[in-house]
Every structure is written in structure tokens, then in C-alpha cells.
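Q: Could you take a close look at one part of this protein with me, and then place that part in the rest of the chain? I'd like a connected walk-through rather than a list.

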Amino acid sequence: MRAIWMVLAAIATPLVASPPLLAQQKDPALTSQTPALPAAPVAAKRPHETVLHGKTLSDPYHWLKDESYPTIDDKDVLNYVKAENAYFDAAMKPHAELVETLFQEMKGRIKEADSSVPQKDGGWIYWVEYEEGAEYKKWYRKPVAGGEAVLILDEVAMAKDKDYFRLSDVSISPNGKLMAYAVDDNGSERFEVRFTDLTSGKALPDVIPGTLSSLVWTANSDALLYGLANENWRTDNVRLHKLGTPLSTDKLLYKEADIGFGVGIGKTAADNYIVIATGDNETSEVYLLPADNPEAKPLLVSARQKGREYSVDEREGTLYVYTNDEHANFRVATASLAKPGEWKTLIAGSDESYITGLAIFRDYFVLESREQGVDQVDIRLYDTPLTPGRIKFPEATYVAGLGDNPEYHQDKLRLDYESMVTPDTVFDFDVTNKKLETLKVQEIPSGYNHDDYITELVNMPSRDGTQVPVSLVYKKGTPRDGSAPMHLYVYGSYGYRVPPGFSTTRLSLVDRGMIYAIAHVRGGDDLGRAWYLAGKTTERRNTFNDFIDVAKGLIAANYTSAGKISIEGRSAGGQVMGVVYNEAPELWGAVLAGVPFVDIINTMVDETLPLTPGEWPEWGNPITDKAAFDFMLSYSPYDNVTAKAYPPMLVSAGLNDPRVTYWEPAKWVAKLRATRTNDATLLLRTNMGAGHAGKSGRWGALREDAEEFAFVLTQLGVEK
């Protein structure tokens, strides 16, 4: 989520004598250990008030939002952010050796010279490679019939001398002769589309700036569909660019009128139709265009109905619809192209099986589902669609699903598999022989022994009696007497499950005797769609209660003890950090809050923001709904900071983040510094050249991980 302040009903108190930007505050907890540490920055307070639903909200740190955003050039703002970064650097300097040790450990578990498993697509085989020491990938292909490998995209060269680089979409034309790709070099998520003639290897003159969408070729390979970000950083359109023509002549194919809906583009499995999908977090609507005639009138599959989600694919004139219209756990239906809105159930929804995905192939279709929290992959034949052809995986608890399967006709399915103790594994499944073939297992150069670790899936009771699943991994021999420190991770929003998969990074905690845990709280869809709905809008407090009660349950079960738990969440998971930081500070020994969505009211009242209107179904609309306003205000981390002792915390932000803008964490930290009654370590690290995901490149991101883990280990006293 991102935020820009919008005053709905403001009492703009004029600035009297402008207060100094920064005061200085000693931090005895730090200076006693490191006498050279500078004083912690303290942001000035400048009066600012807003009235909503008859309530006056004071926001003395409103000035930290640069009014010219996304340009950030306010000197006071930049000085404050830089002062916080200098303070972070000074606080972490005594731990530089530990950071370097952790970084080298993490790096040593990654194979530097590595490549993906090649995959056939049309007349070519494609793969990517990392060279020794490289931050970024190189993209290759070679003819299926034989021939030399050809470098088609060099991220290393494109990222040279850039603080940030991200490659978004790479799209090869149907005839295999052209490539379109999109790049972002500052983290703002405004992408520039470029084109390459793959026959000659030369760049084409066509360039499309300001995009925010997938890139979809027409059937004849001479034109591309894309979407521009509008002035509010949303994609509300689909445009057609014919190669070699000016951008000013690009045709608008679709324009969305609802400010809460975003527009996406795709293709059906057989490449016959281009899909235009529009929707928000709970409602969708789909149109189809002939891939060989994109300027035809779009075919509406079924008009939007509030609360109904659906997606569409096509095979031999039959539409396959994946929808939650009759059951929260989704069903699969079919319809004809002549009557696309008349859906007939093919596979009914059920309480036991949560259908999470549908993939159409020429001779079969694949259902991805989750049963009792465990991933399932079923192959179904069109003439016997109700007969499961379930793929059997080697462990009881794991993460599994379809991998890269670009062709409509595939005799073998590419699958991805991992568990908390099993590294990422790439399988091919022979559909005829029903056998798994292992193509690649993630290599850990510094060494890894599966048998040295234990993984568990346990349930902990929340205060309303609901059993909340928790995934655990720890090293054999770790004591179960409450003395072990624990790192507890959460997300808990948007129906996204934190998969209980493998991580080489977390081994740096686990190998030091920490238990690593993932709390599968309500708000994710771990146990089905109802699990998500039970943590959404008016049920949001279940998410926070679940997390606190999971921690208490793990303490009661002697996995750990109060004060020995470090916790972590990013973005909406950072919101969870903010709430539990306010409500149960005595439980936590250290907190990592990554790009945290904590200034909830100020964000959600600004309908000019890219995400805000589309987020109202997820959180509530505090502009029009007083009850939603009151409820959101009751847990908003920024608005509920009080005078109490808070545990140590490291907060991260990205200056160019369009989702959770830099000033949300900056304002939160400023208010905490001014309000709390103790001097526990409180750090803010703002990445000056990146956005929501932090640093780009595999080593830059890994060093940020090392800094965060060093903070956790030093605060918990686990430094060996």
C-alpha cells in the first residue's frame, strides 16, 4: 500500500515561527555501548489538523510528505531522511563485522554461476544465467533444431552504473523474431518499454515510456498491447502500438471508468484471444479480443457484479471460467463463445478443497488447489473432468505448483517444489507415464544437510478458539525448554499465503540456535478463502489477535519465551508489526518492519493515490463510512502510538516506493521517538535509490538482509 496525504476537511494552522528541522536526543541505550554514536534525530513538530467524521486528527509530522512527490526535493525532508540514515549507519557500525560475516554466509549458500532449467517455447529453447559475481541475469536462447546460444538480453550491461535496475516483462513475438521488454531504473514502478529485432540483435527505435502493465503481442507480430500509468499511477487503459509508428497514433482499445479498478492484459492458452481483465480486490470483469484482430469490438464475458471474481481461458471455442460466484473456495465452469455469460459448473466449489488456480492445455487441464493447507496439483482430462489425476510429492508438508509451461501442447509439465527443509526443486511430470523427473535441485555451495533440521506444522489457539497454523524449522538439538530465541514472520493480507518454503538466508538464524516460524494468520488464504475473509475489513482485528496469540501459544509450548522473540513483516505485514508493537510490546525482543503500511487513515482518505480506491474493498472506505473510519482508527499504528516502553525496532523504507511511500515509516518513527518512555534502539533505513522491494540485484538485497539479521541477533544477544 502507498500513501499521499489528502486533506478532506482541514484546519490548516499557519506556521508561526518555523521550528528547527532537527532537535538532538541522546540514546543512552546505545551511547553507553558506543560513545561515538551521534544523537538520534528528532523531527520537528509542525501543527497540522484534519477533521473527519467530526473528529479532529493532529498530524505534526505531515510536513515529511514532500508536496511535489513523486519528485522529492524538499530540503527539510531530505535532511531528515539523510539524518536518519546517518544514525542507522552509526548504530550499525559496531556490528559491521557481524554484518559482513552474515553477508558472506548468505552469499556462500548461493551458487554464483548458475542457470535456470532450459524450456522450449516454439522453435526456441530459452534460459537465463548468472555469471560468477554478477548481480543480474543474462537471457539466452538457441534453436530447437540445433545451433549456438544467442544472448538476447543482458541485464548486467543495462544495470551498469545504476543504483537500481528492474526488468519487468519480457515478451517474445509469436513469430519469434521480436522482443519487447520493460525496465525501471529507480524503483518507482514506471517502466519504459523497448524493442529488439532478434534476427539482427539490434534495438528498434520504438520506445514507450510510463507503462505499468504486461506486454502482449498480436497474432501477426507487428503490434503490441500495453497499458500506461495515468497521473495517479494506475493502469486504467489498454493501448495498441504498431511497430514503426509514432506513439501519438497508438489506439486506445479500452478505458476503465471506475477509479478503483485496475486493468491487466494477457492471452488465452492457445493464443487465440487477448484477455483484458479489469477489477479491484473483490470484483472483476473480463473482455476478449481476437489476437489476429485486436481492433475488433471487445467481447464482454460477463458484466461485473460486486464481490464476484472470475478469470477466463479458452479451448476449441469453449470458455473455462474460474470463479467464486457460488462458493468462496471457487468453482470451474464452462461457457460457449456465443453465450459467454451462461456458465455451467464443471467442477463445483467445496469446503474441503480450495481451488487456487486453473491452467488450460490442449489435451488436459490442471487444477491447483489446497487441502488442509497443503498444495495439490491435479491433471484432469476433458472427457473425464471429475476424475483426479493427482501428482504425488515426496513429503507431507511442502510448497508445489506449476512452473514455466509456455506451450499449449506439453507432454511434460514443469513443476516447482520445495519445503522448509528441502531446497527449491524443478520437476518435469510425464503426463503419460505419470512419473516425476528431477531436473534441478538448488545447489548450496557452502553445504547443506537436510537431516540436520526439523520442520513442524503446529496449531496455536487464538483468543476466539480458532486454531492458527504455524510452520516451524529449527536445527536438531535446539532446546525445547523456552530458552531458544525465535524469529516469527507474518504477512496476513490480500488472501496471500506466506508459503512454507525453503530459504538459504534464514539458515543464518537457524544455525545460531534460533527457531524460525511463519504464522499463517487469518487474512491470508492458507486454509481457504474463508480464512482470508476472516481477516479482511471489519474482521481485520483477527489478524492481529492471531499473531499475538500465536506468540503466546509458542511461549506456553516452551518453544521460546517472552522477550526472546524477534518479529518481522513487510508492507501489509509491516502493518501487523505496527499494531502488535503497540498492543503487546512486552513480547518482542526485536522488530523488523519493512516498508510498513502504518499511516492508515491518512493514506486511505486520499483517492488520488494509485492504490487507494482499489484498496477500499480490502480495508474499508474511511471517507464515506464512519464505522470503517472508527474501526481503522482504532488500530492504525501511527495514530495509536502512546507513552510507553517499546522494544527495539528497525524500520525500512524506499524513497521511490509508490506503494508505501517513504513518509509513512518516517512519520511513524518520528512520532515514536517523541512519545515513547524508553530509549530502546529505534532505527530507520531509507533506501534512497529504490522502491517497495528494496535494493535490486542479488547481492545488494542480500546485504540488506544481513543488516536486518545482524540487528535481530545483537538485540537478542545471539551473536555467536
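Which residue in β26 does A333 stand opposite?

A: Happy to go through it with you. In this predicted model, A333 stands opposite T345 of β26. The strand on the other side of this pairing is β25, residues 331-336, and β25 and β26 run antiparallel, joined by three bridges.

Let's widen the view to the sheet around that pair. Four strands form an open sheet in the order β23-β24-β25-β26, and the pairing is antiparallel. The edges are taken by β23 (310-315) and β26 (344-347); each has a single partner strand, so one side of each is left without a neighbour in the sheet. On average, neighbouring strands here are turned by 35° against each other, with direction ignored.

Another open sheet can be read in the same manner. Its three strands follow the order β27-β28-β29, again with antiparallel pairing. Here β27 (354-360) and β29 (374-381) stand at the edges, and because each has a single partner strand, one side of each lacks a neighbour in the sheet. The twist from one strand to the next averages 20°. Within this sheet, β28 (residues 364-371) pairs with β29 over eight bridges in the antiparallel sense, and R370 has D375 in β29 as its bridge partner.

Two further strand regions add side-chain detail. Strand β4 (residues 49-52) shows an alternation: T50 and L52 point to one face and are buried, whereas E49 and V51 point to the other face and are not buried. Its partner is β5 (residues 55-58), which runs antiparallel to β4 and is joined to it by four bridges. E49, on the face that is not buried, stands opposite S58 in β5. The β4-β5 hairpin has two residues between the strands, and H53 takes a positive phi near 50° there.

Strand β16 (residues 223-226) gives another pattern: A223 and L225 point one way, L224 and Y226 the other way, and all are buried. This strand is paired with β15 (residues 216-217) through two antiparallel bridges, and with β17 (residues 237-242) through four bridges, also antiparallel. L225 takes part in both pairings: V216 has L225 as its bridge partner, and L225 stands opposite L240 in β17. The hairpin of β15 and β16 has five residues between the strands, with S221 at a positive phi near 65°.

For a helical region, try α10, residues 612-619. This helix is mostly covered, with eight of its eight residues buried; among them are the tryptophans W616 and W619 and the prolines P613 and P617. The cover over these buried residues includes α6 (529-533), α8 (572-583), α9 (600-604) and α11 (626-635). Just after the helix, G620 takes a positive phi of about 115°.

A glycine in another helix shows how sequence and space can part ways. G553 lies in α7 (residues 541-556). Its relative accessibility is 14%, and since buried means under 20%, G553 counts as buried. N459 is 94 residues away from G553 in sequence, yet their C-alpha atoms are 8.8 Å apart.

Now for the whole chain. Its secondary structure comes to 13 helices and 41 strands. For 720 residues, a compact globule would have a radius of gyration near 27 Å, and the chain has 26 Å, which agrees. The C-alpha trace spans about 70 × 60 × 50 Å along its principal axes. Of the 720 residues, 56% count as buried. Among contacts with a separation of 6 or more, 57% link residues 24 or more positions apart. The accessible surface comes to about 28,300 Å², and 50% of it belongs to carbon and sulfur atoms.

Finally, a word on confidence. The chain averages a pLDDT of 91, with 94% of the residues scoring at least 70. Residues 1-35 are another matter: pLDDT stays under 50 over them, although the model has 105 contacts beyond four places in sequence for this stretch. Where pLDDT is low, the predicted coordinates should not be read in detail.

Key. Residues numbered from 1 in each chain as written. Predicted model: local features only at pLDDT ≥ 70, side-chain atom pairs only at ≥ 80, totals over all residues. Heavy atoms only, no water. pLDDT = per-residue confidence, 0-100. Contact = heavy atoms within 4.5 Å. Pairing = 2+ DSSP bridges. Axes fitted to C-alpha atoms, helices over the stretch in contact; angles between N-to-C directions. Rg over C-alpha atoms; globule rule 2.2 N^0.38 Å. Buried < 20%, exposed > 50% of the residue type's maximum accessible area, 1.4 Å probe, protein only. Areas by Shrake-Rupley, 256 points an atom, 1.4 Å probe, with all protein chains shown as cover.
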